[in-house]
Amino acid sequence: MRVVIVKDYEQMSRTAALLIAKQLRSKPSSVLGFATGSTPLGTYKELIRMHRREGLDFSHARTFNLDEYFRLDPSHPQSYHTFMFENLFNKINVNPDRISIPDGMTEDVENFCADYERRIKQAGGLDLQLLGIGRDGHVGFNEPGSSLGSRTRLKTLAEETVRDNARFFKDKKEVPRLAITMGVGTILEARQLVMLASGEGKADAVKRSIEGPVTAQVTASALQLHPSVTVVADEGAASLLMHRRYYVYVEKMAEKYEADVGI
Ligand code: GLP
């Protein structure tokens, strides 16, 4: 696991965007997994800038989003559909036919989820999945207790998550309690994972994910099982890491020798 500790949110965003751009440039038809939340917003801004200024081309890419609220119309201002189109898809040249976001309005959840998994496979699997992290250590909406082998399915949100998400909704009663999310097993099958974390509010979750035991109680800890993970954390999010200095040293060595030094 590569742990990149950067100064602030801007550097985190720039680092993540560079990793995504590298993937896309090496394989223009990449299958990219995107995430929502405030954390990846800066990364999306930087990708938009790279598209406009540096010709970063998304026209051959396919995208799959991690999750979507259940029973929230895609046109709702807080749906993850709206979020993705407003903050990224409308501003880059991705083909709308190649965008997949779970359908929170589906009448047949089980079939929809099985089909979502099938579509990811048919696309050749995810080349890179971008992830944020919840304060309880969740990835996607895989709340504590989610099986580490779980697949795309309907999940009940933890109270803490509902509270965290309430800030985006005018009427608190509107905050969804359920979501369709890729499972931990689905995420682990991506060929490359990039997890972002910013701010001290995430420090405990980051510590438990990276340095704690692998446990379904902190689903981001499952990333320890994956052979190609980059965690990009700013100073605040990295502040509780025990081996913080070592991670910084590893990055310096990688720079010095221009090599991956044991991800
Ligand atoms: C939600 C999303 C996650 C995201 C988390 C953190 O739960 N389903 O994908 O990582 O929020 O959001 P934020 O980045 O706003 O802290």
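**Exercise 1. Polar contacts of the ligand**

Task: Determine how far a polar side-chain atom of Ser38 lies from an oxygen atom of the ligand, and identify which N or O atoms of His138 and Gly140 approach the ligand.

Solution:
1. In this predicted model, the separation between a polar atom in the side chain of Ser38 and a ligand oxygen is 2.7 Å.
2. For His138, an N or O atom of the side chain is found 2.8 Å from an oxygen atom of the ligand.
3. Gly140 takes part through its backbone: a polar atom there is 3.1 Å from a nitrogen atom of the ligand.
4. Polar contacts are pairs of N or O atoms within 3.5 Å, so the pairs in the preceding steps may be tested against that cut-off.
5. As for cover, the ligand on its own has 390 Å² of accessible area, and the protein covers 92% of it.

**Exercise 2. The shell around the ligand**

Task: State how many residues surround the ligand and how they divide by class.

Solution:
1. The ligand is surrounded by 13 residues.
2. The closest of them are Ser38, Thr39, Asp67, His138 and Lys202.
3. Sorted by class, the shell holds seven polar, three nonpolar and three charged residues.

**Exercise 3. The pocket that holds the ligand**

Task: Establish which pocket the ligand takes up, and describe the lining of the second largest pocket.

Solution:
1. The ligand takes up the space of the second largest pocket.
2. The volume of this second largest pocket is about 590 Å³.
3. Its lining comprises 34 residues, with Thr36, Gly37, Ser38, Tyr80 and Asn165 closest to the centre.
4. Strand S4 (67-69), helix H3 (80-87) and helix H5 (159-165) each contribute at least two lining residues.
5. H3 gives the largest share, five residues.
6. By class, the lining of the second largest pocket has 14 nonpolar, 14 polar and six charged residues.
7. Ser38 thus links the exercises: it is among the residues closest to the ligand and among those closest to the centre of the second largest pocket.

**Exercise 4. The largest pocket**

Task: Describe the largest pocket by its volume, and determine which element supplies the largest share of its lining.

Solution:
1. The largest pocket has a volume of about 750 Å³.
2. Its lining consists of 29 residues, and Arg2, Val4, Glu251, Asp260 and Ile263 lie nearest the centre.
3. At least two lining residues come from each of strand S1 (2-6), helix H1 (9-26) and helix H8 (244-257).
4. H8 supplies the largest share, eight residues.
5. The lining of the largest pocket divides into 15 nonpolar, seven polar and seven charged residues.

Technical notes: Residues numbered from 1 in each chain as written. Predicted model: local features only at pLDDT ≥ 70, side-chain atom pairs only at ≥ 80, totals over all residues. Heavy atoms only, no water. Near = heavy atom within 4 Å. Polar contact = N/O pair within 3.5 Å; in protein donor to acceptor, adjacent residues only side chain to side chain. Areas by Shrake-Rupley, 256 points an atom, 1.4 Å probe, with all protein chains shown as cover. 1 Å grid on protein atoms, 1.4 Å probe; cavity = no way out; pocket = protein on both sides within 12 Å on 5 of 7 lines; lining within 4 Å. Sits in = over half its atoms within 2 Å of the grid points. Nonpolar A, V, L, I, M, F, W, Y, C, P; charged D, E, K, R; others polar. Points joined across faces, edges and corners; volume = space filled by probe spheres on them. Helix = DSSP H or I, 4+ residues; strand = E, 2+ residues; numbered from the N terminus.
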